[in-house]
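Q: Please take a close look at one part of this model, the place where two helices of one chain pack against each other. Describe the geometry of the contact and the residues that make it, then set it beside other local features.

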Amino acid sequence: MDASLSEDASQVRIPVTVLTGVLGAGKTTLLRYILEKPHGYRVAVIQNEFSEEMGMEAPLFTDANGDTIKDVYELPNGCLCCSAKDGLIGMLDVLLEHKNRFDYVLVEATGIADPEAVCEVFWVDEGLGSRVYLDGVLSLVDAYNMSSYLGKRKASHGYPEEGAKSTSLGLEAEAIKQVACADVLILNKVDLVAEADRARAAAMLREINPTARLLESRFAEVPLGEILGLQAFDKDRLAASVLGLPVLEEREEGGHGHAHSHSDGHCNDCEAGKLLGAHGIESVLLQGEAGALYDPNKVRSWLAEVLWEGTAGFVYRCKGLFRGPPEDEEDPPEQTTIVSHALQGVGKIFEIEQAGKATVERSKMLFIGRGLQRDVLAAGLKACLASD
Amino acid sequence: MEEPDVLDAEKSEAVQKLKKPNGAAPVEAEASDDEDAEAAEATASKKKKKKKKKGNKEKDAAEEVNEPEAAPKPEDETAPPDGEDEEEDGADGAQEEGAAKKKKKRRGGGKKKVGTSGLDGIATYGVSDEDFAAWCQKSLEALMNDSQKMSEQELKRPPKEFWGYQFSGALRPAFVTKQLKMPEGILLPDYALQPDGSSLSERQGVREVPVLEGEELETMRMACKLGREVLDIAARFMRPGVTGDEIDRVVYQACVDRKIYPSPLNYFRFPKTVCVSANEVICHGIPDCRPIEEGDIVNLDVSIYYQGFHSDLNETFFIGECDEDSQRLVRTAYSSLLAASQLIRPGTFYRDLGNAINAEANKNNCAVVTTYCGHGVGKLFHGPPKVPHYRKNKAVGIMKPGHVFTVEPMINLGNNGGDRTWPDNWTAVTRDGKRSAQFEHTFLVTETGLEVLTARLGTDPSCMPAYNPAMFQR
């Protein structure tokens with residue numbers, strides 16, 4: 001009996017999408033688009049502060065009694081807008097009193113550079129029976145800014161230090177982390193850059209984060225269906241994202257550690273691999289032996305060490321699907337003793353849950369971060385093989 | 001349950017001399033002879049505390065009327081519970097009598113084990129029941145407030161912010177008196193004087209769980225002992241008819257006497273020195289002028305700040321005879337904390353404590369409150385790690401020697417672990433009005449296991465004692 005979920009049987013959980021991106025990337029433009037255009041989506045937007053550009057002349061939000069709710073504005077297209085300056089959770093609570101008025105929440109996380117901090121707020125524990133769930137993390141990237149630096153920069157091996165303010169890439173260190181952690185990347189202002197530069201910017205983004213969906217936009221106009229309702233943290237949807245990762249062939253000499261294979265020994269993107277040296281983000285994809293089973297408890301302990309103690313580098317994001325025996329509490333599906341376990345992690349926060357519906361032949365785990373030690377990670381995973 | 005002893009004339013004279021300590025001089029009074037003698041016998045290890053009490057006394061060497069120093073030495077606390085404590089408690093005639101009176105009047109709960117002190121009943125710290133009652137009386141009178149002049153009806157009227165409020169249960173808030181201020185000379189935490197009660201040190205935050213060792217750990221141990229002492233005093237004072245407001249004043253005085261700060265006071269504007277949470281109140285109950293009733297269960301949550309360190313502990317008590325559901329509830333809350341404590345050792349994940357707590361709650365048809373968590377405690381009142389009490393949580397961190405944190409499961413009767421906050425912005429109640437109980441300790445992770453820093457006197461601090469309802473019977 002899970003006592004904590006029983007509060008309201010008909011409770012529908014609201015998806016929360018987090019929008020990251022540095023100043024100037026176009027977040028305000030995207031928010032205006034959401035709040036002004038008649039796109040048909042009912043979105044409640046929580047901004048850090050009301051910006052004057054939003055032009056808040058819109059009517060105030062009223063509740064069932066006709067009293068105005070302070071600080072929540074209703075826009076003509078049916079969307080809501082409010083400010084988090086007095087506290088994000090508090091504002092969320094206010095909004096949730098009226099959750100029949102909207103279907104999505106978008107949080108504009110300007111002030112919070114670290115995606116982990118935002119995820120901590122919204123990626124709520126199952127045991128909480130919360131009224132919201134983290135649907136996905138978006139990162140808006142300025143193509144123009146990126147490209148004006150790409151042309152001038154030279155390949156170098158210098159990694160920006162963890163915590164460094166900026167690199168010579170037109171992407172600040174914190175922006176790089178946001179890109180690494182995102183589920184959807186929006187490359188904005190593509191109308192302002194030459195085609196070659198656009199391609200290189202896109203390639204670099206894919207380098208940093210191989211699993212994020214990459215969208216391109218002008219004036220931050222993206223189909224809302226592409227950024228809302230992603231269910232990116234849904235364990236049953238994980239399979240699609242993880243299975244889409246390529247199977248790795250043997251590592252190249254002095255391999256780059258990036259997640260694509262070199263079937264003909266040559267790689268165009270490995271030119272872009274030089275960029276790897278400059279932005280410092282790598283991804284490591286671990287693959288299990290065919291048919292191998294991993295013990296979820298061992299995997300948890302191992303990942304706690306990796307993510308909390310940094311034993312294999314700095315991990316910004318991890319995702320995976322692995323085969324293993326069912327966990328004690330869960331009822332295994334009939335007639336099988338092998339189930340899939342889904343792993344999701346942002347920063348230090350991670351979760352492994354049984355994902356019954358998803359199946360995978362070979363376990364896969366993706367790590368995105370800095371200074372990752374592939375061998376250490378591989379050895380760690382191997383030690384999690386289920387004993388018979 | 002226990003009637004306060006009538007003041008004799010000599011002592012009432014002393015009462016006149018007591019001044020209200022609101023920003024003025026510390027409380028002082030004439031001591032009676034035997035208290036002086038007991039004070040003189042204080043052991044070396046308690047000198048520090050004595051000095052604190054004598055502290056800023058401008059007048060003569062008049063001893064404060066409060067707990068004289070005859071409590072057992074710290075070393076004795078590690079001894080297995082036996083009759084030792086009763087002896088050390090200054091076994092004068094009054095004390096024995098007091099203890100006997102307590103035994104006779106004990107009701108409800110389990111049987112009292114005769115002779116196994118520390119486990120049953122509340123530590124007396126060498127103060128006879130009479131002297132204790134006298135001290136309480138003096139403290140209350142010294143800290144007399146507006147409630148004295150108000151009629152019963154006025155006291156019962158819920159504060160303005162509650163007009164029109166739909167209560168989930170039977171409990172109603174009563175009049176809340178003005179916030180007390182601590183006298184000069186006591187080390188204040190950074191939020192004490194802030195208008196919004198916020199803590200800069202907490203806001204700046206630390207990401208890593210602090211490791212306490214050496215001198216800092218010793219200071220923390222003392223802070224926990226003092227917290228335990230103050231809780232024991234508040235619990236000893238509590239009985240049917242007493243109000244939260246009075247308990248607050250008793251806690252205030254006990255802290256002034258020890259020159260320590262009651263951590264809840266002004267923490268984010270919390271108005272009082274202690275949380276008093278009855279029946280369906282889950283936590284953060286504001287002490288008010290509602291008399292505590294027979295049949296209530298009441299949680300007292302005490303935190304104190306001593307030489308830069310906070311300690312934090314709470315216990316739920318039966319007031320007179322309580323129904324079976326309440327007995328089951330309190331037992332479950334205790335045993336869920338016990339289950340969690342048994343996992344505390346280096347290498348345990350903080351996230352696993354919630355699994356143990358939740359399992360125990362489910363076993364007894366109770367629910368775990370999810371909104372409030374255990375927390376690191378020490379230099380910060382609330383800091384890392386975060387210790388959720390529910391299963392399958394994503395708490396970050398692995399226990400290491402030197403980590404100090406609380407575990408404080410709040411358990412509700414029934415299957416609803418939800419909570420709701422009263423319009424006073426503090427009191428958390430169950431959504432369905434059913435009762436809630438809680439226990440809390442401050443734990444230290446040692447090389448091999450744990451130390452219960454806020455353990456009751458005379459109990460083995462390397463583990464929590466088995467549940468014994470007599471320990472919580474008032």
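A: The answer below starts with the helix pair and then turns to a sheet and an annotated site.

The model is predicted. In chain B, helix H6 (residues 129-142) and helix H10 (residues 244-258) have axes that come within 9 Å and cross at roughly 100 degrees. Angles from 65 to 115 degrees count as roughly perpendicular, so H6(B) and H10(B) are roughly perpendicular to each other. On the H6(B) side, the contact is made by Trp135(B), Ser139(B) and Leu140(B). H10(B) contributes Glu246(B), Arg249(B), Val250(B), Gln253(B), Ala254(B) and Asp257(B). By class, the residues of this contact comprise four nonpolar, two polar and three charged.

Chain A offers a sheet for comparison. Its five strands form an open sheet in the order S10-S14-S11-S12-S13, with antiparallel pairing. Strand S10 (281-287) and strand S13 (349-354) of chain A are the edges, each pairing on one side only. From one strand to the next, the twist averages 10 degrees. Strand S12 (residues 339-346) of chain A runs antiparallel to S13(A) and is joined to it by six bridges. Gly345(A) stands opposite Phe350(A) of S13(A).

Back in chain B, an unreviewed UniProt entry lists Asp312(B), His375(B), Glu408(B) and Glu440(B) under "binding site". These residues span 129 residues in sequence, yet no two of their C-alpha atoms are more than 10.8 Å apart, so they gather at one spot. Among them, Glu440(B) is included in the lining of the second largest cavity. His375(B) lies in strand S7 (residues 374-376) of chain B.

Technical notes:
Residues numbered from 1 in each chain as written. Chains lettered and ligands numbered in written order. Predicted model: local features only at pLDDT ≥ 70, side-chain atom pairs only at ≥ 80, totals over all residues. Heavy atoms only, no water. Axes fitted to C-alpha atoms, helices over the stretch in contact; angles between N-to-C directions. Helix = DSSP H or I, 4+ residues; strand = E, 2+ residues; numbered from the N terminus. Parallel < 35°, antiparallel > 145°, perpendicular 65-115°, else oblique. Contact = heavy atoms within 4.5 Å. Nonpolar A, V, L, I, M, F, W, Y, C, P; charged D, E, K, R; others polar. Pairing = 2+ DSSP bridges. UniProt positions renumbered as here; feature names shortened; annotations may be inferred. 1 Å grid on protein atoms, 1.4 Å probe; cavity = no way out; pocket = protein on both sides within 12 Å on 5 of 7 lines; lining within 4 Å.
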